[in-house]
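This report describes the fold of a single protein chain, beginning with the chain as a whole and ending with individual residues.

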Amino acid sequence: MLERADGWRTLLAPTARTAEYIAGTYHFDEVRTDPVRVQIRDSAWDVAAGPLDLRFRVGHQGALGLALRAVPWPLARRPLWAAVTDVPARLMSGVRTRGSSRPGCRQWYAAGGLWPIVTARTSFDGTDLGALAPVIPPVRFGFASAPASPALVRVLSTVERAVT
C-alpha cells in the first residue's frame, strides 16, 4: 500500500486474489498485480514489488516494541484486546486498533512488535523518493494509519465481514 504526496493510493499485490481481497477491505485509486519479493538479512530488508524498490534497516526495539511482542497472539486477535489497546494507540497520530473501512466490514489490529527504521533507500518507477520522513499526514487506506515515525510494525489484522 502506497500513498503519494498528492493523495493517490496504490495497492501492489502479488496475485489477483490477494488484490481483490485487500481492495475489498481498504480504499485505493489504483490496484496493481506485480511480483513481490522480500529478503531479510539480519536487520536489513530488501523489498521489490513491481515499480517499488525498498531497502531499509531496522534498529532495536524499544520498550513499546518489547511490550507488544509479549502479548500472546490468541489474546491479541480478540476484539476486546483491540478495544483496550485503542485508547493508548490513539496517542499516536492516525493510529487506531479497531474500526471499519467499508460497510459490512469490521476490522481490528494487534501490533506484535515495533522496530524503528533507521535507514532507507526507496524508489518508485525509478524515481528516488528521498530521505526518511515522518508519515504526515496519516495515510488514508482505511480507518487507521501507520505510526508517524518510520517503523516496521508486525501486525495481526482481523477482518470480519457481514454475511449477506
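The protein chain contains 4 helices and 10 strands. The coordinates come from a predicted model. Read from the N terminus, the elements follow the order β-β-α-β-β-β-β-α-α-α-β-β-β-β.

**Overall dimensions and surface**

The radius of gyration of the protein chain is 16 Å, which agrees with the value near 15 Å that a compact globule of 164 residues would have. Along the principal axes, the C-alpha atoms occupy a box of roughly 45 × 40 × 30 Å. Of the 164 residues, 33% count as buried. The exposed area of the protein chain is about 10,100 Å², and 59% of that area is supplied by carbon and sulfur atoms.

Two further descriptors concern contacts and charge. When contacts between residues at least 6 apart in sequence are considered, 58% of them join residues at least 24 apart. The protein chain carries 20 positive and 13 negative charges, and the mean positions of these two sets lie 9 Å apart.

**The sheet β1-β2-β3**

An open sheet is formed by 3 strands in the order β1-β2-β3, with mixed pairing. Strands β1 and β3 stand at the edges with a single partner strand each, so one side of each has no neighbour in the sheet. Strands β1 and β2 run antiparallel and are joined by 2 bridges. Within this pairing, Glu3 stands opposite Arg9 of β2.

The residue ranges of the three strands are listed below.

| Strand | Residues |
|---|---|
| β1 | 2-3 |
| β2 | 9-13 |
| β3 | 30-33 |

**Asp128 and its surroundings**

Asp128 belongs to strand β9, which covers residues 127-128. Is Asp128 buried or exposed? Its relative accessible area is 58%; because the exposed class begins over 50%, Asp128 counts as exposed.

Which residues does Asp128 touch, not counting residues up to four places away in sequence? The contacts of Asp128 on that basis are Thr122 and Ser123. As for its position relative to Leu11, the two residues are 117 residues apart along the chain, and their C-alpha atoms are separated by 19 Å.

**Summary**

The predicted model thus combines 4 helices and 10 strands with a radius of gyration of 16 Å. Its open sheet has the strand order β1-β2-β3, and Asp128 in strand β9 is an exposed residue.

How values were computed
Residues numbered from 1 in each chain as written. Predicted model: local features only at pLDDT ≥ 70, side-chain atom pairs only at ≥ 80, totals over all residues. Heavy atoms only, no water. Rg over C-alpha atoms; globule rule 2.2 N^0.38 Å. Buried < 20%, exposed > 50% of the residue type's maximum accessible area, 1.4 Å probe, protein only. Contact = heavy atoms within 4.5 Å. Areas by Shrake-Rupley, 256 points an atom, 1.4 Å probe, with all protein chains shown as cover. Lys, Arg positive; Asp, Glu negative; His and termini not counted. Charge placed at Lys NZ, Arg CZ, Asp CG, Glu CD. Pairing = 2+ DSSP bridges.
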